[in-house]
Amino acid sequence: MNDTVDKLVVFLAKRDGIDKLVKTFQYVSKLVHWRVEATHPDIAQRFKQWEVASGLSRKAFRTGRFLTGFNALRRNPGSTPTFKFLAVLANAGEMVYFFFDHFLWLSRIGTLDAKLARRMSFISAFGESFGYIFFIIADFIIIREGIRAERKLLVSSKEDSKGAKDNIRKIRADRVMRFMSIAANTADLIIALADIEPNPFCNHAVTLGISGLVSAWAGWYRNWPS
């Protein structure tokens, strides 16, 4: 039976679609700003404002999202000790990310001291990158297990077995979703690293723009209703 936390998580999750749309706006505008900054500074400034507004809007949409990781650990921490260990680390990192992202948002809109923004950004990005590493590892392990299960089905089952074909189809569909998750998490990891340890590659507008769009469009694929 679902309790209040379960219901709240389902409610909050419904914003994933709009988040991916606004994320697309955010990183398209970043790329346009980079492209026209030298030749059309007035247009570039408009796209910069769109980028900033989109980023702040996404932070507002994410209010309370740290409960998702908490509920995942509470309800389904993992089927094996390995997956439980990875789930704890991954969701702990994600909870830190979403929780401190609240304070980053409040400092950037002026509710809290603007001087807090840099510190909150670092803590949030560190938690985010920490969590993504373990989400990626878990996805690769599941993909590997799926490949092994598929090979066993191909060897042991008859070609005309409907049950085997259905199982293989499910394994392959799950694999695609896992690769989409890995793509999104890797792209977001690059963006987080730009906050943690600024460097010419991660902080370049093209790197950030492409990474943001990869993450957004992988999210579109995973969340699009079937």
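Leaving aside neighbours within four places in sequence, Ile141 is in contact with Thr82, Phe83 and Leu86. That is a handy place to start reading this structure, which is a predicted model. From there, the tour below takes in the nonpolar cores, the annotated segments, a nonpolar patch on the surface and the salt bridges, of which a search of the whole structure finds 13.

**Nonpolar cores**

- Two of the contacts of Ile141, Phe83 and Leu86, also appear beside Ile141 in the largest nonpolar core.
- That core has 7 residues in all, and its other members are Leu89, Ala90, Phe134 and Ala138.
- Helix 5, covering 81–108, and helix 6, covering 116–156, each supply at least two residues of this core.
- Helix 5 provides the largest share of the core, with 4 residues.
- A second core, separate from this one, has 6 residues, among them Ile191, Ala194, Cys202 and Leu208.

**Annotated segments**

- An unreviewed UniProt entry carries the annotation "transmembrane region" for residues 83–100 and 120–143.
- In the model, residues 83–100 are 100% helix and 0% strand, with 26 Å between the C-alpha atoms at the two ends.
- Residues 120–143 are likewise 100% helix and 0% strand, and here the end C-alpha atoms lie 34 Å apart.

**Nonpolar surface patch**

- On the surface, Ile18, Leu21, Phe25, Trp50, Trp217, Trp220 and Trp224 make a nonpolar patch of about 720 Å².
- At least two residues of the patch come from helix 2 (16–36), and at least two from helix 8 (205–223).
- Helix 2 gives the most to the patch, with 3 residues.
- Trp220, one of the patch residues, has its place in helix 8.
- With a relative accessibility of 33%, Trp220 counts as partly exposed because this value falls between the 20% and 50% cut-offs.

**Salt bridges between and within helices**

- As general background, side chains of opposite charge can pair when their charged atoms come close.
- Arg172 and Glu150 meet through their side chains in a salt bridge, at 2.7 Å from N to O.
- Arg172 is in helix 7 (residues 162–196) and Glu150 is in helix 6, so this pair ties together parts that are 22 residues apart in sequence.
- The two partners sit in contrasting surroundings: Arg172 is partly exposed, with a relative accessible area of 43%, whereas Glu150 counts as buried at 8% relative accessibility.
- Another salt bridge joins Arg169 and Asp166, whose closest N and O atoms are 2.8 Å apart.
- Arg169 and Asp166 are both in helix 7, and because they are 3 residues apart, about one helical turn separates them.
- Arg169 counts as exposed, at 52% relative accessibility, while Asp166 is partly exposed, with a relative accessible area of 23%.

**A salt-bridge network**

- Asp19 and Lys20 bring their side chains together in a salt bridge, with 3.7 Å from N to O.
- Both Asp19 and Lys20 are buried.
- This pair belongs to a network of salt bridges that links Asp19, Lys20 and Arg58.

Key
Residues numbered from 1 in each chain as written. Predicted model: local features only at pLDDT ≥ 70, side-chain atom pairs only at ≥ 80, totals over all residues. Heavy atoms only, no water. UniProt positions renumbered as here; feature names shortened; annotations may be inferred. Core = buried A, V, L, I, M, F, W, Y, C linked by side-chain atoms within 4.5 Å. Buried < 20%, exposed > 50% of the residue type's maximum accessible area, 1.4 Å probe, protein only. Contact = heavy atoms within 4.5 Å. Patch = residues over 30% accessible without salt bridge, like charges linked within 9 Å, V, L, I, M, F, W, Y side chains within 5 Å. Areas by Shrake-Rupley, 256 points an atom, 1.4 Å probe, with all protein chains shown as cover. Salt bridge = Lys/Arg side-chain N within 4 Å of Asp/Glu carboxyl O.
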